[in-house]
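Student: I would like a close look at how two helices pack against each other in this protein. Could you walk me through that part slowly?

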Amino acid sequence: MENLFSKLNFIAPWFLRLGLGVAFIIHGYFKFPLPPAGLIEYFGLSPLLSSVVAISEVGSGILLICLLYTSPSPRDQRGSGLPACGLK
């Protein structure tokens, strides 16, 4: 069993980034339509700041997923990853 997990060890960071990206997108998505009334009422934020929070959560999730394949693997000595989302 340990031999199987040691072979899959290199994809663990990718699964972590994918999971975090999806969590950020889902968490931010439920704050739409803008401005999110829940943030304004609960935290007393201004409409502009609460909108920035919602947009940044979704944007962070998208960036985590898009940059998933652009960062090099620790085993990759060349230092180049696969381009994703049009980024080079």
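Tutor: Here is a walk through one helix pair, with its surroundings.

This is a predicted model, in which local features need pLDDT of at least 70 and side-chain atom pairs count only at pLDDT 80 or more, while totals for chains, interfaces and linings use all residues. Residues are numbered from 1 along each chain as its sequence is written, and side-chain values use heavy atoms, with hydrogens and water left out.

Let's start with the overall layout. The protein has four helices and zero strands (helices are DSSP runs of H or I with at least four residues, strands are runs of E with at least two, and both are numbered from the N terminus). From the N terminus on, the order is α-α-α-α. Of its 88 residues, 18% count as buried (buried means under 20% relative accessible area, exposed over 50%, and partly exposed in between, with a 1.4 Å probe and protein chains only).

Now to the pair itself. Two packed helices are described by the angle between their axes and the distance between the axes. Helix 2 covers residues 12–29 and helix 4 covers residues 47–66; their axes come within 7 Å and cross at roughly 155° (axes are lines fitted to C-alpha atoms, for helices over the stretch in contact, and angles run from 0 to 180 degrees between N-to-C directions). The two helices are therefore roughly antiparallel (angles over 145 degrees count as roughly antiparallel, under 35 as roughly parallel, 65 to 115 as roughly perpendicular and the rest as oblique).

Which residues meet? On the helix 2 side they include Leu18, Val22, Phe24 and Ile25, and on the helix 4 side Ala54, Val58, Ile62 and Ile65 (contact means heavy atoms within 4.5 Å). By class, this contact has 11 nonpolar, five polar and two charged residues (Ala, Val, Leu, Ile, Met, Phe, Trp, Tyr, Cys and Pro count as nonpolar, Asp, Glu, Lys and Arg as charged, and the others, Gly among them, as polar).

Helix 4 also holds Ser51. Ser51 is buried, with a relative accessible area of 12%, and touches Leu34, Pro35 and Pro36, not counting residues up to four places away in sequence.

Back in helix 2, Tyr29 is one of the residues that meet helix 4. Tyr29 is exposed, and so is Phe30. Their ring centres lie 5.6 Å apart with the planes at 70°, so this pair is edge-to-face (rings of Phe, Tyr and Trp, its six-membered ring, pair if their centres lie within 6.5 Å; planes under 30 degrees apart count as stacked, over 60 as edge-to-face and the rest as tilted).
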